[in-house]
Amino acid sequence: MLDLHRLRVFRTVVATGSVTGAATSLGYTSSAVSQQLSALQRETGLVLLERRGRGIAPTAAGTVFAEQLDGVFERLAHVDGVVGDLRAGRTGTLTVSYFASAGTAWIPPVAAALVREFPDLRLDLRLIELAGETPAEADLEIRVDGEQAASGADHREIELLREPYLVVLPAAHRLAGRATIPLAELRDELWVDNDFSRGLCRQIVLDACAAAGFAPTFRIETHDYPSAIAFVAEGVGITVLPRLGAAPLPSGVRAVPVVEPVPYRRVVLRTRNAVWGHPAAQRATALLRERAAGTTGPV
């Protein structure tokens, strides 16, 4: 492979018409320029330069070679520009995957900010629940700690939120006016299931109920929080879900924190090492942290 530095020296000699001119332009000695030219001619096996009068000029082969180098250097300059844009987050694609309740609460404002601040960035947003059993590796993945993550590249992980569970019940329910509700007091209620895949979020509830000494009786099985809440609003039963899943609430229902024990799920952000330093990824991380920090207080 030809030495790029020597190619630049040769092209400068052609442009200036002399070794001395090239040396001055590049900040080298004339001897150093001559050595680079000699090495390049050995590498190529071509006579690239010849003396003309008091100066130096390319041979026929050297002229063709120099013309080809112009295109090479133009492409290299373009690559340098692309690298600079990628470092600044001005181009490229950022893939973000997320579970449904985080998507509803966080993704729209975060995506809107990224689009405004990085207008050349393409956002690829993916809902984890629709990804199937082998989800593709995302640049940033918002997930519940303990659930199976997409395998692939090395990553870093930070905690976004340690999120308590609430019980959603009809506004006329006898427990609706409570500040908190011990989980055991929901023993005899008819429950509405709400987990898409009977995964970790559901298991957290079942484990908490077991710790309180009972197993919930599910009257209806749904696969998402909004549907479960809609059934509660119709008076079918109650449902227990994470705080993010309880916003926004329709009229006619109340959400009350459950205690004794308090079920929690830990929400984390998983970021590929390859994009960790990318400005858009860093900004997305900061925005998600801000949104997570605001997920507190009463629903």
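**Exercise 1. Find where Pro261 sits, then work out what is unusual about the residue before it.**

Let's start with the location: Pro261 lies in the loop between S11 and strand S12 (264-272). Keep in mind that we're looking at a predicted model.

Next, check the bond leading into that proline. The peptide bond from Glu260 to Pro261 is cis, and its omega is near 0°. Glu260 is found in the loop between S11 and S12 too.

Now look at the backbone of Glu260. Its phi is near 55°, which is positive even though the residue isn't glycine. For background, most residues other than glycine have a negative phi, and most peptide bonds are trans.

Last step: is Glu260 buried or exposed? With 58% relative accessibility, Glu260 counts as exposed, because the cut-off for exposed is over 50%.

**Exercise 2. Track down a cis bond between Ala247 and Pro248 and place it in the chain.**

Go to the peptide bond from Ala247 to Pro248: omega is near -5°, so the bond is cis. Then read off the neighbouring elements. Pro248 is in the loop that runs between strand S10 (239-242) and strand S11 (253-259).

**Exercise 3. Sort out the aromatic pairs.**

How many aromatic pairs does the structure hold? There are 3.

Take Phe10 and Phe65. Their ring centres are 5.6 Å apart with 40° between the planes, and the pair is tilted. Phe10 belongs to helix H1 (residues 4-16) and Phe65 to helix H4 (residues 60-88), so this pair links distant parts of the chain, 55 residues apart. Both Phe10 and Phe65 are buried.

Move on to Trp191 and Phe218. This pair comes out as edge-to-face, at 6.1 Å centre to centre and 85° between the planes; the angle fits because edge-to-face needs planes over 60 degrees apart. Trp191 is in strand S8 (residues 190-193) and Phe218 in strand S9 (residues 217-221), so the pair ties together parts 27 residues apart in sequence.

Compare the surroundings of the two partners. Trp191 is buried, at a relative accessible area of 1%. Phe218 has 28% relative accessibility and counts as partly exposed.

To finish, add Phe214: together with Trp191 and Phe218 it makes up one aromatic cluster.

**Exercise 4. Find what lies over the face of Tyr264.**

Look above the ring of Tyr264 and you'll meet Arg162, at 4.0 Å from the ring centre.

**Exercise 5. Describe how helix H6 packs against helix H9.**

Begin with the geometry. Helix H6 (residues 107-117) and helix H9 (residues 279-293) have axes 10 Å apart and pack at an angle of about 145°. The crossing of H6 past H9 is right-handed.

Then list who touches whom. From H6, the contact uses Pro109, Val110, Ala113, Leu114 and Glu117; from H9, it uses Ala280, Arg283, Ala284, Leu287, Leu288 and Arg291.

Finally, classify those residues: 8 are nonpolar, 3 are charged and none are polar.

**Exercise 6. Zoom out to the whole chain.**

Count the elements: the chain has 9 helices and 12 strands. Then check burial, where 41% of the 299 residues count as buried.

What share of the contacts with a separation of 6 or more comes from residues 24 or more positions apart? The share is 76%. The Phe10 and Phe65 pair, 55 residues apart, is one link between distant parts of the chain.

Key: Residues are numbered from 1 along each chain as its sequence is written. This is a predicted model: local features need pLDDT of at least 70, side-chain atom pairs count only at pLDDT 80 or more; totals for chains, interfaces and linings use all residues. Side-chain values use heavy atoms; hydrogens and water are left out. Rings of Phe, Tyr and Trp (its six-membered ring) pair if their centres lie within 6.5 Å; planes under 30 degrees apart count as stacked, over 60 as edge-to-face and the rest as tilted. Helices (H or I, at least four residues) and strands (E, at least two) are DSSP runs, numbered from the N terminus. Buried means under 20% relative accessible area, exposed over 50%, partly exposed in between (1.4 Å probe, protein chains only). A charge sits over a ring if NZ of Lys or CZ of Arg is within 6 Å of the ring centre and within 35 degrees of the ring normal. Axes are lines fitted to C-alpha atoms, for helices over the stretch in contact, and angles run from 0 to 180 degrees between N-to-C directions. A crossing is left-handed if the near helix is turned anticlockwise from the far one by less than a right angle, and right-handed if clockwise. Contact means heavy atoms within 4.5 Å. Ala, Val, Leu, Ile, Met, Phe, Trp, Tyr, Cys and Pro count as nonpolar, Asp, Glu, Lys and Arg as charged, and the others, Gly among them, as polar.
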